[in-house]
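Me: Please take a close look at one part of this chain, the stretch towards its end. What does that part touch, and how is it set among the rest?

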Amino acid sequence: MDFKFATRTLILAIAGSSLAMPALAQWQWIDKDGRKVFSDRAPPADILQKNILKQPGSKTPSPPSGTDTGATAPAPAVLASAPAGKASAPKFSGKDAQLEARKKQADDLEAAQKQAEEEKMAKARADNCERAKKGQATLKSGVRISVTNAKGERDFMDDAAKAAETKRLQAIAESDCGK
């Protein structure tokens, strides 16, 4: 029984570790903008071999010259390519074009929302102005005006209520029609 258990445990351990191996398949390279990229897929074809920092199966950076992997040859190749690598290193302008584009897009969106809000407020003011003028015209016409009280009953406005309503409508007209 112990032999079956040990065999089964060993098989499961081997299967589990083989499933974890793809997680080690990581690529690392420097893109054309000078940023480090980490991926589980190979870099695009336009990435130079010297910019590939790590690839699956190797724990150290790949040789920059590419083809020679001998123990004695890479040291001179690395020394010879180091000054050239610095000369061809990407220049950093301190600005990220994508970030700038997103900031501009966010600013444009904010400006459009602000303008839409201002248009909405202007429309509301114009509507309030029109209602205030219509209410003033109705009050000046001399027609008996009925209102509904808190109990839901219909009452007619007396002169004091008409004067208060006229004053309120005048304040609305001054604030909304003047602008």
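Reply: Two residues are in contact when heavy atoms lie within 4.5 Å. The model is predicted: local features need pLDDT of at least 70 and side-chain atom pairs pLDDT 80 or more, while totals for chains, interfaces and linings use all residues. Numbering starts from 1 along each chain as its sequence is written, and side-chain values use heavy atoms, without hydrogens or water.

First, the whole chain. Among contacts between residues at least 6 apart in sequence, 35% join residues at least 24 apart. The chain has four helices and five strands (DSSP runs numbered from the N terminus: helices H or I of at least four residues, strands E of at least two). Read from the N terminus, the order of these elements is α-β-β-β-α-α-β-β-α. The chain has 179 residues, and 11% of them count as buried (under 20% relative accessible area; exposed is over 50%, partly exposed in between; 1.4 Å probe, protein chains only).

The part in question is helix 4, which covers residues 159–177. One of its residues is K162. K162 is buried and yet has no salt bridge (a side-chain nitrogen of Lys or Arg within 4 Å of a carboxyl oxygen of Asp or Glu). The nearest side chain of opposite charge belongs to D159, and it is 5.1 Å from K162 (Lys and Arg are positive, Asp and Glu negative; His and the chain ends are not counted). Leaving out residues up to four places away in sequence, K162 is in contact with L139, V143 and M157.

Further along helix 4 are E165 and R168, three residues apart, which is about one turn of the helix. Unlike K162, which has no salt bridge, R168 does form one: its side chain meets that of E165, with 2.7 Å from N to O. Both partners are partly exposed, because R168 has a relative accessible area of 44% and E165 has a relative accessibility of 22%.

Later in the same helix comes D176. With a relative accessible area of 14%, D176 is buried. Its contacts, again without residues up to four places away in sequence, are R125, N128 and C129. Where does N128 lie? N128 is a residue of helix 3, which spans residues 97–140. The contact between D176 and N128 therefore links helix 4 to helix 3. Along the chain, D176 and N128 are 48 residues apart, but 6.7 Å separates their C-alpha atoms.

From the side of N128, the link involves a further residue. Apart from its neighbours within four places in sequence, N128 is in contact with I172 as well as D176. N128 and A173 are 45 residues apart along the chain, and their C-alpha atoms are separated by 7.6 Å. N128 counts as partly exposed because its relative accessibility is 36%, whereas D176 is buried.

Helix 3 also holds a salt bridge of its own. It joins K104 and D108, at 3.3 Å from N to O. These two residues are four apart in helix 3, and so about one helical turn separates them. K104 is exposed because its relative accessibility is 51%, whereas D108, at 42%, is partly exposed.

How many salt bridges does the whole structure hold? A search finds six. Another of them is between R35 and D31, whose closest N and O atoms are 3.6 Å apart. D31 and R35 are also linked with D33 in a network of salt bridges. D31 is buried, because its relative accessibility is 16%; R35 is partly exposed, because its relative accessible area is 35%.

D31 also has I47 beside it in the list of contacts. I47 touches W29, I30, D31, K32 and I52, leaving out residues up to four places away in sequence. I47 is in the loop between strand 2 (36–39) and strand 3 (52–54), and it counts as buried because its relative accessibility is 12%. The C-alpha atoms of I47 and D31 are separated by 6.7 Å, with their positions 16 residues apart along the chain.

To return to helix 4: K162 is buried without a salt bridge, R168 and E165 meet in one, and D176 touches N128.
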